[in-house]
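Trainee: Could you take me through one part of this model up close? I'd like to follow a single helix and see what it packs against.

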Amino acid sequence: MRSSRWTLFRNRSFLFYWLGYLLSHVGDSVFLIAAAWLVADVTGSGWMMGAYFMCLGIPRVLLMLVGGVFVDRMEPRTWMLLSDGLRGVVMILFYLLIVDGTPSVWGLYVIAVLFGTVDAVYWPAANKLRQRVVARENYSQANGVLVGSMQMAMIAGPVLGAALLALGGTGLAVLFNGISFFVSALTL
C-alpha cells in the first residue's frame with residue numbers, strides 16, 4: 001500500500017515529537033539572540049561574546065558523544081524530558097540573574113556551561129526517539145519535515161527573540177525560552 005504524504009501527520013506520536021522538537025529549536029534560537037544581546041550589553045566586547053559562545057559550545061560538543069552512549073542505555077524520551085526540564089530550569093536561573101540586576105560576566109559563563117551541558121543529551125535522544133515514533137517507510141519524510149522545521153526555527157527564532165527583546169528586554173526573551181522548554185517537555 002502506497003503511503004500518502006499526510007500519513008506522517010496522522011501519527012499522533014510524531015506530531016507531539018515534532019512540536020517538542022520545533023519548540024526546542026525556536027527556544028534555542030531565541031536564547032542565542034538574547035544571550036548575545038546581553039553579553040554585548042554587559043561587556044561591550046566581541047571577544048567576551050565569543051568566549052561566551054565557546055563556554056556554550058565546548059560542553060555541548062564534548063558531551064554530545066557521551067550523551068549518545070547514555071541515550072543508548074536508557075529510554076530516549078526520558079533523556080529528552082530530563083534535558084528539556086533542565087534547560088528550562090537553567091533558563092529560569094538565567095532569568096533570575098537578569099531581573100536581579102546586571103549579571104556578572106562569570107554568571108553568564110556559568111549559565112552557558114550549564115546550558116551546553118544539559119543540551120548535549122537532547123539531540124542524540126531526539127534522533128533515537130525519532131526512530132521509535134516513525135515507521136521505517138516514513139523516515140525520509142520525517143527527516144525532511146524535521147530539517148525544514150529546524151530551518152524555519154532558525155529564521156523565526158531570532159525574529160521572535162528580537163521582538164521579545166524589543167517588547168520586554170532580555171528577561172522576557174529568556175523567560176519565553178524557559179517556558180518553551182517546559183512546553184516541549186510536556187509534548188513528550
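**Helix H3 and its neighbours**

Mentor: Start where H3 passes H5, in a left-handed crossing. Keep in mind that this is a predicted model. The axes of H3 and H5 come within 8 Å, crossing at roughly 140°. That angle makes H3 oblique to H5, since it stays under the 145 degrees above which a pair counts as roughly antiparallel. On the H3 side, the contact is made by Pro76, Arg77, Trp79, Met80, Ser83, Asp84 and Arg87. H5 answers with Tyr122, Trp123, Ala125, Ala126, Lys128, Leu129, Arg132 and Val133. Sort the residues of this contact of H3 with H5 by class and you get nine nonpolar, one polar and five charged.

Now look at H3 by itself. H3 runs over residues 76-99, and its 24 residues should span 34 Å at 1.5 Å a residue. The end C-alpha atoms of H3 are indeed 34 Å apart, so the span agrees. Its buried residues are Pro76, Trp79, Met80, Ser83, Asp84, Gly85, Arg87, Gly88, Val90, Met91, Phe94 and Ile98. Notice that Asp84 and Arg87 are on that buried list, and that both also take part in the contact with H5. What covers the buried residues of H3? The cover includes H1, H2, H4 (105-119), H5 (122-133) and H6 (139-187). Just after H3, glycine 101 takes a positive phi, about 135°.

H5 deserves the same treatment. H5 has twelve residues and reaches 16 Å from its first C-alpha to its last, close to the 16 Å expected at 1.5 Å a residue. Buried in H5 are Tyr122, Trp123, Pro124, Ala125, Ala126, Leu129, Arg130 and Val133. They pack against H1, H2, H3, H4 and H6. So as not to lose the thread: Tyr122, Trp123, Ala125, Ala126, Leu129 and Val133 are buried, and these residues also meet H3.

Next, go to H6. H3 and H6 have axes 8 Å apart and pack at an angle of about 165°. That makes H3 roughly antiparallel to H6. Here too H3 makes a left-handed crossing. From H3 come Leu81, Asp84, Gly85, Arg87, Gly88, Val89, Met91, Ile92, Phe94, Tyr95 and Ile98. From H6 come Thr170, Gly171, Val174, Leu175, Asn177, Gly178, Phe181, Phe182, Ser184 and Ala185. The classes in the contact of H3 with H6 are twelve nonpolar, seven polar and two charged. Asp84 and Arg87 turn up in this contact as well as in the one with H5.

Zoom in on threonine 170, which sits in helix H6. At 10% relative accessibility, threonine 170 counts as buried, because the cut-off for buried is under 20%. Setting aside neighbours within four places in sequence, threonine 170 is in contact with Ala34, Trp37, Leu38, Ile98 and Leu165. Ile98 is one of the buried residues of H3. Alanine 162 is also found in helix H6, but at 40% relative accessibility alanine 162 counts as partly exposed. Its C-alpha atom is separated by 8.2 Å from that of alanine 173, eleven residues apart along the chain.

One more pair helps, as H1 and H2 are both part of the cover over H3. The axes of H1 (residues 12-43) and H2 (residues 46-73) come within 9 Å and cross at roughly 140°. That makes H1 oblique to H2, and the crossing is right-handed. H1 brings Phe31, Leu32, Ala35, Ala36, Val39, Ala40 and Thr43, while H2 brings Met48, Met49, Tyr52, Phe53 and Leu56. The contact of H1 with H2 has eleven nonpolar residues, one polar and no charged.

Threonine 43 belongs to helix H1 and, with a relative accessible area of 24%, is partly exposed. Not counting residues up to four places away in sequence, threonine 43 touches Met48 and Val105. Threonine 43 and valine 105 are 62 residues apart along the chain, yet their C-alpha atoms are separated by 7.4 Å.

Terms used
Residues are numbered from 1 along each chain as its sequence is written. This is a predicted model: local features need pLDDT of at least 70, side-chain atom pairs count only at pLDDT 80 or more; totals for chains, interfaces and linings use all residues. Side-chain values use heavy atoms; hydrogens and water are left out. Axes are lines fitted to C-alpha atoms, for helices over the stretch in contact, and angles run from 0 to 180 degrees between N-to-C directions. Helices (H or I, at least four residues) and strands (E, at least two) are DSSP runs, numbered from the N terminus. Angles under 35 degrees count as roughly parallel, over 145 as roughly antiparallel, 65 to 115 as roughly perpendicular and the rest as oblique. A crossing is left-handed if the near helix is turned anticlockwise from the far one by less than a right angle, and right-handed if clockwise. Contact means heavy atoms within 4.5 Å. Ala, Val, Leu, Ile, Met, Phe, Trp, Tyr, Cys and Pro count as nonpolar, Asp, Glu, Lys and Arg as charged, and the others, Gly among them, as polar. The expected span of a helix is 1.5 Å times one less than its number of residues. Buried means under 20% relative accessible area, exposed over 50%, partly exposed in between (1.4 Å probe, protein chains only).
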